[in-house]
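Colleague: I would like to learn how to read empty spaces and helix packing in a model. Could we take one feature at a time?

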Amino acid sequence: EYQTWLNTREGRFFPEFIGYEYLAYVRHHGFPAPLLDWSKSPYVAAFFALHDEVKGAKRVAVYVYQEDSGQGRAADERLNIHVRGHHVTVDQRHIMQQSQYTFCTEVVDGEVFYAEHQRIVNQKEETQNLFWKITLPVGERRHALAELNRMNINAFTLFGTEDSLAETIAITDIYLPGLSQ
């Protein structure tokens with residue numbers, strides 16, 4: 001039924017998106033949904049980039065997406081990124097993380113399939129679907145997490161669970177002593 005609905009979309013237009021609330025919810029809980037979750041806050045994005053320590057990494061990345069450069073958007077009937085705003089009933093994480101979503105579709109022989117965003121990134125368009133990768137040095141992780149914590153951006157304020165409260169207390173009292181005061 002879902003595939004039938006998907007195939008009745010005309011190319012790049014998705015005025016409604018059945019299952020959007022469900023897909024946004026499961027995406028927030030780690031399920032590999034076709035949605036990419038973007039935060040409207042660069043600080044929240046930095047928190048997620050720095051939150052988990054990646055062994056051996058020297059830098060972590062934050063990605064920025066701009067739908068168009070103000071010159072309008074051309075329709076490609078084959079490969080498209082669809083932007084879905086933040087007006088969706090999901091759960092508190094969605095609001096705390098200032099989330100909005102994109103998904104990518106490709107039309108092959110008249111059938112619509114989800115596609116990887118990277119395919120559009122690789123096209124390197126100059127006026128639409130603009131992407132930037134900003135890297136942050138892992139060596140500044142403690143200082144950055146302390147600064148974010150001072151702005152009340154931490155695991156507890158972004159997840160709101162008892163586990164994230166315990167994590168935030170541990171990070172504040174053990175990992176960041178002297179930096180978060």
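Colleague: Which elements each supply at least two residues of the lining of the largest cavity?

Modeller: This is a predicted model, where local features need pLDDT of at least 70 and side-chain atom pairs count only at pLDDT 80 or more, while totals for chains, interfaces and linings use all residues. Residues are numbered from 1 along each chain as its sequence is written, and side-chain values use heavy atoms, with hydrogens and water left out. Rolling a probe the size of a water molecule over the atoms shows where empty space is left. On a 1 Å grid over the protein atoms alone, a cavity is a set of points where a 1.4 Å probe fits but cannot get out, and lining residues have an atom within 4 Å of a point. Here α3 (42–51), α6 and α8 each give at least two residues to that lining; helices are DSSP runs of H or I with at least four residues, strands are E runs of at least two, and both are numbered from the N terminus. The largest share, four residues, belongs to α8.

Colleague: Which residues line the largest cavity, and how are they classed?

Modeller: Its walls are F47, H51, L145, N149, I153, N154, A155, E167, T168, I171, T172 and L176. They split into six nonpolar, five polar and one charged (Ala, Val, Leu, Ile, Met, Phe, Trp, Tyr, Cys and Pro are nonpolar; Asp, Glu, Lys and Arg are charged; the others, Gly among them, are polar). The space inside is about 90 Å³, a volume being the space filled by probe spheres set on grid points joined across faces, edges and corners.

Colleague: How many cavities of 30 Å³ or more are there?

Modeller: There are two cavities of 30 Å³ or more. The second largest holds about 40 Å³ and is lined by A49, L50, D52, E53, V54, V60, V138 and R141. Five of these lining residues are nonpolar, none is polar and three are charged.

Colleague: At what angle do α3 and α6 pack?

Modeller: Axes are lines fitted to C-alpha atoms, for helices over the stretch in contact, and angles run from 0 to 180 degrees between N-to-C directions. For α3 and α6 the angle is about 140°, with the axes 10 Å apart. That makes α3 oblique to α6 (under 35 degrees is roughly parallel, over 145 roughly antiparallel, 65 to 115 roughly perpendicular, the rest oblique). Y43, A46, F47, L50 and H51 of α3 touch R141, A144, L145 and L148 of α6, contact meaning heavy atoms within 4.5 Å. Seven residues of this contact are nonpolar, one is polar and one is charged.

Colleague: Where do α6 and α8 meet?

Modeller: The axes of α6 (residues 141–150) and α8 (residues 162–175) come within 11 Å and cross at roughly 125°. That makes α6 oblique to α8. R141, R142, L145 and N149 in α6 meet T168, T172 and Y175 in α8. This contact has two nonpolar, three polar and two charged residues.

Key: 1 Å grid on protein atoms, 1.4 Å probe; cavity = no way out; pocket = protein on both sides within 12 Å on 5 of 7 lines; lining within 4 Å.
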